[in-house]
Amino acid sequence: MYFDTHAHLNFPAFTKDRDKLIKECLEKDFWMINVGTNFFTSQKAIEIAQNNNEGVYASVGLHPINLDTGLTRMKIDDDETDEKENPFESEFNYKEYEKIALDKKVVAIGEIGLDYYWKPKTKTKIEKFKEFQNVLFRQQVKLAKELDLPIIIHCRMAHDDLIVILKYLTTIYGPEFKGVIHCFTGTWKQAESYMRMGFHIGFNGIIFKFNQGDIIKKIPLEKVLLETDCPYLLPPDYKKKINDPMGVGYVAKEIAKIRNISLKQVADQTSQNAKSLFVPWLASLNKIEK
Ligand SMILES: [Zn+2]
């Protein structure tokens with residue numbers, strides 16, 4: 001089996017063939033977590049998980065790109081939002097997110113994190129902008145800690161700041177986090193800092209664009225999670241129009257090639273990692289069976 005730990009079948013890009021696609025994934029033993037980016041997409045992820053059996057899960061959270069800081073114009077991809085809905089939220093509504101996160105198919109809080117791609121131009125505005133994202137992130141880590149859920153972290157052009165914030169948070173919550181740094185494009189040193197704090201590292205089709213070979217070779221396989229970030233980051237050999245959870249197979253194949261190990265070893269270990277992190281009750285059931 002394979003476990004796509006970061007999919008977005010909750011996005012409108014999949015409205016037409018979502019049900020068919022999920023059926024095919026489950027038949028071929030590809031499990032998935034559909035990850036929320038705002039309140040709408042989080043609710044949609046839960047609805048999809050509720051309509052399906054084991055193997056389809058949801059994560060809820062407010063992505064930093066979806067936070068309207070009033071300081072800069074952010075752009076959200078058309079694939080992500082229904083034109084009827086405002087994708088932006090001006091603050092994190094802790095109570096509302098907490099309510100939906102209590103659903104038993106919700107296995108994580110995310111995606112949350114820092115994204116400096118659309119940062120404003122002036123120095124004072126940049127500082128305020130970063131502070132908004134910092135506060136938003138810490139509110140959601142608090143929610144995850146309170147519900148004892150792992151966190152799915154998105155980080156673009158902000159790894160150094162993220163590590164500082166996480167280190168600070170270890171003084172409040174203790175030295176170990178449960179979670180993943182998704183779509184990792186940082187350095188080995190940064191990967192080490194994250195792993196020391198308990199995090200897994202998520203790899204997807206971005207490894208075909210950015211050379212992450214040295215990190216993929218060195219990293220303990222027990223720390224690796226597979227993901228697609230579909231509909232984005234289509235692996236070059238996957239002959240589809242847009243990516244979907246079965247695209248993780250190509251990421252696994254590339255990792256197996258780089259590490260010179262079998263595809264089965266990558267698939268088995270990363271699935272076990274994902275189960276232990278996100279659905280630990282199932283991971284322990286499997287161990288008893290063996
Ligand atoms: Zn994503």
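**Backbone features, strand order and core of the predicted model**

Methionine 157 is placed in the loop that runs between E5 and helix H5 (159-173). In this predicted model, methionine 157 adopts a positive phi of about 55 degrees, although it is not a glycine. Its surroundings are sparse enough for methionine 157 to be classed as exposed, because 12 other C-beta atoms lie within 10 Å and the exposed class covers counts of 12 or fewer. A positive phi of about 55 degrees is also found at aspartate 148, again a residue that is not a glycine. Aspartate 148 belongs to the loop between helix H4 (123-147) and strand E5 (151-156). Aspartate 148 counts as exposed because 7 C-beta neighbours fall inside 10 Å. A further positive phi, of about 60 degrees, occurs at asparagine 260, just after H8.

Two cis peptide bonds were also examined. One joins glycine 110 and glutamate 111, with omega at about 10 degrees, and glutamate 111 is part of strand E4. The other runs from cysteine 230 to proline 231, where omega is near 15 degrees. Proline 231 is located in the loop between E8 and H8.

The overall fold can be described as follows. The protein contains ten helices and eight strands. Its C-alpha trace spans about 55 × 40 × 35 Å along the principal axes. The radius of gyration is 18 Å, which agrees with the value near 19 Å for a compact globule of 290 residues. Buried residues account for 46% of the 290 residues. Of the contacts with a separation of 6 or more, 70% link residues that are 24 or more positions apart.

Strand E2 (residues 30-35) is mostly covered, and six of its six residues are buried. The cover extends to both faces of E2: Phe30, Met32 and Asn34 are buried on one side, and Trp31, Ile33 and Val35 are buried on the other. E2 has two strand partners under consideration here, E1 and E3. Strand E1 (residues 2-7) pairs with E2 in the parallel sense over four bridges, and aspartate 4 has methionine 32 of E2 as its bridge partner. The connection between these strands is helical: E1, helix H1 (residues 18-27) and E2 form a right-handed β-α-β unit. E2 likewise pairs in the parallel sense with strand E3 (residues 56-60), over four bridges, and methionine 32 stands opposite valine 56 in E3. From E2 the chain crosses through helix H2 (residues 39-50) to E3, and this β-α-β crossover is right-handed. Methionine 32 thus has a bridge partner in aspartate 4 and also stands opposite valine 56.

Helix H8 (residues 248-259) comprises twelve residues and reaches 16 Å from its first C-alpha to its last, close to the 16 Å expected at 1.5 Å a residue. Its buried residues are Val248, Gly249, Tyr250, Val251, Ala252, Glu254 and Ile255. The buried residues of H8 pack against several elements, among them E1 and E2. The packing partners also include strand E7 (200-203), helix H7 (213-218), strand E8 (224-226) and helix H9 (263-278).

In soluble globular proteins, nonpolar side chains tend to be buried together. The largest nonpolar core of the model holds 74 residues, of which Ile33, Ala58, Ile109, Ile151, Ile201 and Phe203 touch the most other members. Strand E4 (residues 106-115) gives the most to this core, with six residues. The surroundings of isoleucine 201 were examined in detail. With its neighbours within four places in sequence left aside, isoleucine 201 is in contact with Val180, Ile181, Phe184, Ala191, Tyr194, Ile219, Lys223 and Val224.

Phenylalanine 210 is situated in the loop between E7 and H7. This aromatic residue is exposed, because 11 other C-beta atoms lie within 10 Å, a count inside the exposed limit of 12 or fewer. Phenylalanine 210 and threonine 185 are separated by 25 residues in sequence, and their C-alpha atoms are 7.2 Å apart in space.

Definitions and conventions
Residues are numbered from 1 along each chain as its sequence is written. This is a predicted model: local features need pLDDT of at least 70, side-chain atom pairs count only at pLDDT 80 or more; totals for chains, interfaces and linings use all residues. A residue is buried if 20 or more other C-beta atoms lie within 10 Å of its own, exposed if 12 or fewer, and partly exposed in between; C-beta atoms are placed from the backbone. Two strands pair if DSSP finds at least two bridges between them. A crossover is right-handed if, with the strands pointing away from the viewer, the path from the first strand over the helix to the second runs clockwise. The expected span of a helix is 1.5 Å times one less than its number of residues. Two residues are in contact if their C-beta atoms, placed from the backbone, lie within 7 Å. A nonpolar core is a set of buried Ala, Val, Leu, Ile, Met, Phe, Trp, Tyr and Cys residues joined through C-beta atoms within 7 Å. The radius of gyration is taken over C-alpha atoms; the globule rule is 2.2 Å times the number of residues to the power 0.38.
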